[in-house]
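Here are a few exercises to work through with the model open in your viewer. Try each one before you read its solution.

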Number of protein chains: 2
Amino acid sequence: MPARSPPRKTVKTAKLQSAAFRRTRSDHQKERAEDYVELIADLIDERGLARGTDVAIRLGVANATVVKMMKRLCDAGLVTQEPYREILLTGEGWLLAQHGRRRHTIVERFLLALGLSEETARIDSEGIEHHVSDETLKAMARFVARNS
Amino acid sequence: MPARSPPRKTVKTAKLQSAAFRRTRSDHQKERAEDYVELIADLIDERGLARGTDVAIRLGVANATVVKMMKRLCDAGLVTQEPYREILLTGEGWLLAQHGRRRHTIVERFLLALGLSEETARIDSEGIEHHVSDETLKAMARFVARNS
DNA sequence: TCCTGAATTTAGCATTGGCTAAACTTCAAT
DNA sequence: ATTGAAGTTTAGCCAATGCTAAATTCAGGA
């Protein structure tokens, strides 16, 4: 037993911590899905329909990546698409998009209320959005309400 | 050209947005590295040395996953390790750990100052930490200073 | 000294999410 | 009606990050 360490006093800590990390990890897949779905919703609202190319450009990925992701999102029941046609959202897809937009908006407004530039608020909210618990989101919303 | 969309009015938007997404994506690799390194630093400080098993338990991953990651971190110059021995941090590794801890602490205190429970602050700070720009971090630090 | 149990490593696999290049479809303009 | 450009799909690749199971190594106690 090389590198033996002192007796554990931190079992509970370890369990809690690993839970936090595990959550961060498992969130990850949903994040991607939400990013795609949210963007598709935006495109449909902005220009009437969402094409693979537009998604690819806005997300900064290759066309083929979008195609692959659309397959996964189809399997997940979030989008539908006839071959060579535009991307449509299912009911569930719209719900997820709405959900993402709501959080996104709250986080972004919160960062603005905190005194950050629009640029920074936009960029950081993109990264933070998915890692904020409901409790934290509520606190952010409260803060925005108070400081506006 | 199926699914033709209306003329673009959002070229700038698209570029900026894709930059944000790209940043979020590229951050990802560094996040993992920082998680591991930060934890290794904690273990060394807490119990005098960091063993693969302890890292695995705290991070909630399998042993083999840690071994693989250690190889990557070695290549990246962040840790060193003799076969079957404990994990050591390089100078650069310590710097990264310190950097991560600092951000982590600020974000966590910020969430507490915002009125969240310790539990939530701990979990959410874990997820948020890596996505916060320096500007936002400064704003958070300011907020903590004001509200304590 | 040897044995055994804990820790580490190796081997092999899966999934996610990227990429490029080439083939294919569709629409619009000639 | 044809054709060419734009958009979509396929095929095949890569790296990161996880896993399990089996093999290996080490250290402490008998």
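**Exercise 1: a helix and its buried side**

List the buried residues of α4(A).

Solution. This is a predicted model, so take burial as computed from it. Go along α4(A) and you'll pick up A:Gly93, A:Leu96, A:Ala97, A:Gly100, A:Arg103, A:Ile106, A:Val107, A:Glu108, A:Phe110 and A:Leu111 as buried. Now bring in the helix repeat: with 3.6 residues a turn, residues three or four places apart point the same way.

**Exercise 2: checking the length**

What should helix α4 of chain A span at 1.5 Å a residue, and how far apart are its end C-alpha atoms?

Solution. Start with the 23 residues of the helix, residues 91-113. The expected span counts one less than the number of residues, which gives 33 Å for α4. The end C-alpha atoms are 33 Å apart, so the two agree. Just past the helix, look at A:Gly115: its phi is positive, near 105°.

**Exercise 3: how the copies are related**

Work out what kind of axis relates chain A and chain B.

Solution. A turn of 180° with a shift of 0.0 Å along the axis lays chain A on chain B, at an RMSD of 0.0 Å. The copies are therefore related as by a two-fold rotation axis. In chain A, A:Ile128 has the C-alpha nearest that axis, 2.8 Å from it.

**Exercise 4: the contact**

How many residues does each chain put into the contact, and which helix of chain A gives the most?

Solution. Chain A brings 45 residues and chain B 44. On chain A's side, α1(A) gives the most, with 12 residues. Sorted by type, that side of chain A has 19 nonpolar, 12 polar and 14 charged residues. Finally, 98% of chain A's interface residues are also interface residues in chain B, so the copies meet through the same surface.

Terms used. Residues numbered from 1 in each chain as written. Chains lettered and ligands numbered in written order. Predicted model: local features only at pLDDT ≥ 70, side-chain atom pairs only at ≥ 80, totals over all residues. Least-squares fit on C-alpha atoms with pLDDT ≥ 70 in both. Contact = placed C-beta atoms within 7 Å. Helix = DSSP H or I, 4+ residues; strand = E, 2+ residues; numbered from the N terminus. Nonpolar A, V, L, I, M, F, W, Y, C, P; charged D, E, K, R; others polar. Buried ≥ 20, exposed ≤ 12 C-beta atoms within 10 Å, placed from the backbone.
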